[in-house]
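Visitor: I should like to learn how to read the features of a structural model, one at a time. Where shall we begin?

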Amino acid sequence: MDFLELIFSKIGDLTWGWSLIPILVVFGVFITLATGFVQFRFFGRMFRVLRKSNNAADNDKISAREALLVSVGGRVGGGNIAGVAVAITLGGPGAVFWMWAVALVGMATSLVECSIAQLFKRRTGEHSFRGGPAYAIIHGLGPEYKWLAGLYAVCLIAAFGFGFNAFQGNTVAGAMQDSFHIDRLWTAIGLSIISAIIIFGGIHRIAKASDVIVPIMAVGYLLMALVVIALNITEVPQVFSMIVKNAFGIEQAVGGGMGAAIMQGMRRGLFSNEAGLGSAPNVAATAEVRHPISQGITQSFSVFIDTIVICSCTAFVILLSDVYVPGAEGIDGVVLTQQSVTSELGNWAQYYLSIAVLLFAFSSIIYNYYLGENALSVFSESPVAILILRIAIVAIVFIGALAPGATAVFFFSDPLMGVLALVNLLAIMMLFPVAMRLLRDFRAQLKAGVERPVLDPDMYADLDIDRSAWDKKL
């Protein structure tokens, strides 16, 4: 076990330690420039997906809106509550600025990776699709890269399906025990049963559940944060000033100054919104849309919601309270967020926040499961294999919730997440010309007056796309 921990520690050092963050940031800037700031040009179109009138009326279809909410449910989790607090503690208020910066360039990365996933998706039923980086590698780069797709799939199953779901189960059980004094066993049983009911329903049930859970949890958390901001509205300009000054080293809040702010802000921002990590494209590919770029725009909006909206709310709640003291030690993570909310709104807010943690973690569990199922399909579509995976993931959630120390076994999650991110970035780089081709097609249709561009599969006959997945009459 010590040897394995050492190996994965080295993998983590080689990915998250020094290479992955700079690569993600540089690649995000490159995509932003190469696409002509696509995330800002199409920003107005992102909000259209929230209107149900723009989504399919057929309940059997996964709409763009539902795919967005599944992605938001997965991206939004403990990192938005505890992770932001850690970033501010270690990097100072300036870390928030660099979280914003990395999210804005990450929106372009997410748009490209999700558009590519949409183009190479495969139809599995009348209104069902599978896709993602593994499928893009196999059908976009060719069969000779199947080994790369296999490596990606194994990392995705292990990191998200098993490791991160154990962590989420542990987070829920800890929050329920601390706030409501509910024994971990009862939380483990309840969470496992509810997870099983949704997981065994497949992606359609996951999408319908997310369509209910995600708006409730996001809007509820936003309302709480907005109340705190409203109560301290006169101090908001001062907080903005503090964030900017600390971000550029003008006003040092912690040891390491500007360097600490940049590192912590970028690290937490990338870890939270997952842009470029290769997870969200698996869900993006399930939606039935007219053009791949349309879903890319939708998923870009998911990054905006996660970091620019929800992470910012957590940051302002912390920085507007009297609990946070720059450079102070002994209070960080979710405790800092809880105490900040409690100091502003009273003790009831601690319980409210615990419910938010529960919903955030639960939405991540069902999202992580689907990533695992989609990765498994690269190797086998057998109902028996899928059944075994579902049972295993429900068991992992149970174990993670029941024993706080059990999650230490899943030390491999972060390093493997780093590996799959590097594989995903390599695939995006190799398929970037295809993404630019899609973007030019989308823009040309808009310029010609087409309000809702449609992909013509005949224009991509040289690529290994599933023509049946693209109905011109949609």
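Guide: Let us begin with a single residue, bearing in mind that this is a predicted model. Phe30 has a relative accessible area of 41%, so this residue is classed as partly exposed.

Visitor: With which residue does Phe30 form an aromatic pair, and how is the geometry of that pair described?

Guide: In general, the distance of the centres and the angle of the planes describe a pair of aromatic rings. Here the ring centres of Phe30 and Phe432 are 5.4 Å apart and the planes stand at 50°, so the pair counts as tilted. The two residues belong to distant parts of the chain: Phe30 is in helix α2 (residues 20-34) and Phe432 in helix α19, 402 residues apart. Phe432 is buried, at a relative accessible area of 10%.

Visitor: What is the geometry of the pair formed by Phe43 and Phe47?

Guide: The planes of Phe43 and Phe47 are at 80°, with centres 5.2 Å apart, so this pair is edge-to-face. Both partners are partly exposed: Phe43 has a relative accessible area of 25%, and Phe47 has 37%. Phe43 and Phe47 also belong to one aromatic cluster with Phe301 and Phe304. The structure holds 16 aromatic pairs.

Visitor: Rings may also face a charged group. Over which rings does Lys121 lie?

Guide: The charged end of Lys121 sits over the ring of Phe129, at 4.1 Å from its centre. Lys121 also lies over the face of Trp470, 4.5 Å from that ring centre.

Visitor: How should one read a nonpolar core, and how many residues has the largest one here?

Guide: The general idea is that nonpolar side chains tend to be buried together in soluble globular proteins. In this model the largest nonpolar core has 132 residues, and those with the most contacts inside it are Leu119, Phe120, Phe160, Ile206, Tyr221, Ile293 and Tyr369. Helix α19 (residues 413-447) gives the largest share of this core, 17 residues. Another core, of 20 residues, lies apart from it and includes Trp100, Val236, Ala315 and Ile318.

Visitor: Which residues are in contact with Phe120, leaving aside its neighbours within four places in sequence?

Guide: Phe120 is in contact with Tyr135, Ala136, His139, Gly140, Leu431, Val434, Leu463, Asp464 and Ile465.

Visitor: Let us turn to a helix. How far does α5 reach, and is it mostly covered or uncovered?

Guide: Helix α5 (residues 64-75) has 12 residues and reaches 16 Å from its first C-alpha to its last, close to the 16 Å expected at 1.5 Å a residue. The helix is mostly covered, with 12 of its 12 residues buried. Among the buried residues are Arg65, Glu66 and Arg75, as well as Leu68, Leu69 and Val70.

Visitor: Which residues of α5 does Ser302 touch?

Guide: Not counting residues up to four places away in sequence, Ser302 touches Leu68, Ser71, Val72 and Arg75. Ser302 itself is found in helix α15 (residues 292-320), and at 1% relative accessibility it counts as buried.

Visitor: Finally, how many disulfides does the structure hold, and why is Cys114 not bonded to Cys311?

Guide: The structure holds 0 disulfides. A disulfide requires two cysteine sulfur atoms within 2.5 Å. The sulfur of Cys114 is 18 Å from the closest cysteine sulfur, that of Cys311, and is therefore too far for a bond. For Cys311 the closest cysteine sulfur is in Cys313, at 9.3 Å, which is also too far. Cys114 is buried, with a relative accessible area of 0%, and Cys311 counts as buried at 2%.

Key
Residues numbered from 1 in each chain as written. Predicted model: local features only at pLDDT ≥ 70, side-chain atom pairs only at ≥ 80, totals over all residues. Heavy atoms only, no water. Helix = DSSP H or I, 4+ residues; strand = E, 2+ residues; numbered from the N terminus. Expected span 1.5 Å × (residues − 1). Buried < 20%, exposed > 50% of the residue type's maximum accessible area, 1.4 Å probe, protein only. Core = buried A, V, L, I, M, F, W, Y, C linked by side-chain atoms within 4.5 Å. Contact = heavy atoms within 4.5 Å. Phe/Tyr/Trp six-rings, centres within 6.5 Å; stacked < 30°, edge-to-face > 60°. Lys NZ or Arg CZ within 6 Å of the ring centre and 35° of its normal.
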